[in-house]
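Trainee: I have a structure open and would like to learn how to read its features. Where should I begin?

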Amino acid sequence: MSVLIGCLLGLLLVVLIVGYYVFVKACVRRKELPWMVEEKIKKTGFGKYYDCIVASDAWLREHNAQDVYIDSLDGLKLHGYWVPAENPKGTILLAHGYRSTFLVDFGLAFVFYHALGMNILVPNQRSHGESEGKYITFGVKESDDMKCWINFHNETFGDYPLILSGLSMGASTMLYLADQNLPQNVKCIIADCGFTSPKAIIDKVFRSIAHIPSGPFLWATELFARTFAKFSLSQKDTCEVLSNAKLPVLMIHGMADDFVPCDMTNQGFDACSGEKEILLVAGAGHGTSFLTNKEIYTKTIISFLEQYLDNF
């Protein structure tokens, strides 16, 4: 009996150690990448986007992007940029992806949306860039942050028609707001390659790396997420939220995405009870639908916005 108890305790220890490792790798803030240092960035997976990073930074500077700050509901100071348009038709609030930056995720989008006459409000998500935070919560607390940014926008700049848009984790962040009672000037959501839930994406990545079932290890990761980061991996799910959607949603995904499966967008789209459109881009990997087929991407967004912005 003592041998059996020892084996069980040993297995529990292994599960806890692996679960903690997964929690740290997935949720704990790391040292920020030096986005503007070419020789270092080109040694990372973001290297192919370095020219876009430089161009994005230059565009923000040329358009006199204003630093803006808010306080999150749990007391973090969050940073963003505000770029007004001349005679604006509305504002687009952009949420970047997991361990990324808006310089990568929205460099080309800045030019596109601003040319359409849109103000741009682009925050650093919590635990990214100049925003405070120790933990990434995969859109759970980040969606509350976006509600704070919405209120800040309306109180500071006025109630311009507001579009919520996000890429990857930013897409899920915005989709988690689809069933909320938001201010009336929030018109629609554009979600590009989002995942369904924190649990679903961590499970997918774990299994693709470890090639073993994730069940007990995700239980341990959940334990540490609740204990330290104060959120649950199952707290939000786009399918549940979209089944009660109050906002029109445009969902976009690259059909060759091997990081966030395209099926996650299909699941959310099928579950959505409100007005919805979907664009699946053949040959596009994770977050590259705009780059893969700019023409159909931009035409789809323009057509979508024309339906919900009166003066567009």
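**Reading a side chain and its fold**

Mentor: Start with a polar contact: the His 286 side chain meets the side chain of Ser 168 at 2.8 Å. Keep in mind that this is a predicted model.

Trainee: Which other side chain makes a polar contact with the side chain of His 286?

Mentor: That of Asp 257, at 2.7 Å. Contacts in general take in further residues: setting aside neighbours within four places in sequence, His 286 touches Ser 168, Cys 193, Asp 257, Phe 259 and Val 260.

Trainee: Where does His 286 lie, in terms of strands and helices?

Mentor: In the loop between strand S8 (276-281) and helix H12 (289-292).

Trainee: Why does His 286 count as partly exposed?

Mentor: The class follows from relative accessible area, where partly exposed runs between the 20% and 50% cut-offs. His 286 has 25%, so it is partly exposed. Leu 33 is handled likewise: its relative accessibility is 29%, so it also counts as partly exposed.

Trainee: What surrounds Leu 33?

Mentor: Leu 33 sits in the loop between helix H1 (2-27) and helix H2 (38-41). Beyond neighbours within four places in sequence, its contacts are Ile 41, Thr 44 and Phe 46. For a sense of distance, the C-alpha atoms of Leu 33 and Ala 282 are 31 Å apart, with their positions 249 residues apart along the chain.

Trainee: How do I read a charged residue such as Asp 105: is it buried or exposed?

Mentor: Asp 105, in helix H4 (residues 102-105), is buried and has no salt bridge. A salt bridge needs a side-chain nitrogen of Lys or Arg within 4 Å of a carboxyl oxygen. The nearest side chain of opposite charge to Asp 105 is Lys 48, 11 Å away.

Trainee: Which backbone nitrogen lies 2.7 Å from a polar atom of the Asp 105 side chain?

Mentor: That of Gly 97. Gly 97 is also among the residues that Asp 105 touches, together with His 96, Ser 100 and Leu 167, not counting residues up to four places away in sequence.

Trainee: And the whole chain: how many helices and strands does it have?

Mentor: There are 13 helices and eight strands. For 312 residues, a compact globule would have a radius of gyration near 20 Å, and the chain has 20 Å, so the two agree. Of these residues, 54% count as buried.

Trainee: What share of contacts joins residues at least 24 apart in sequence?

Mentor: The share is 74%, taken among contacts between residues at least 6 apart in sequence.

How values were computed. Residues numbered from 1 in each chain as written. Predicted model: local features only at pLDDT ≥ 70, side-chain atom pairs only at ≥ 80, totals over all residues. Heavy atoms only, no water. Helix = DSSP H or I, 4+ residues; strand = E, 2+ residues; numbered from the N terminus. Buried < 20%, exposed > 50% of the residue type's maximum accessible area, 1.4 Å probe, protein only. Lys, Arg positive; Asp, Glu negative; His and termini not counted. Polar contact = N/O pair within 3.5 Å; in protein donor to acceptor, adjacent residues only side chain to side chain. Contact = heavy atoms within 4.5 Å. Rg over C-alpha atoms; globule rule 2.2 N^0.38 Å.
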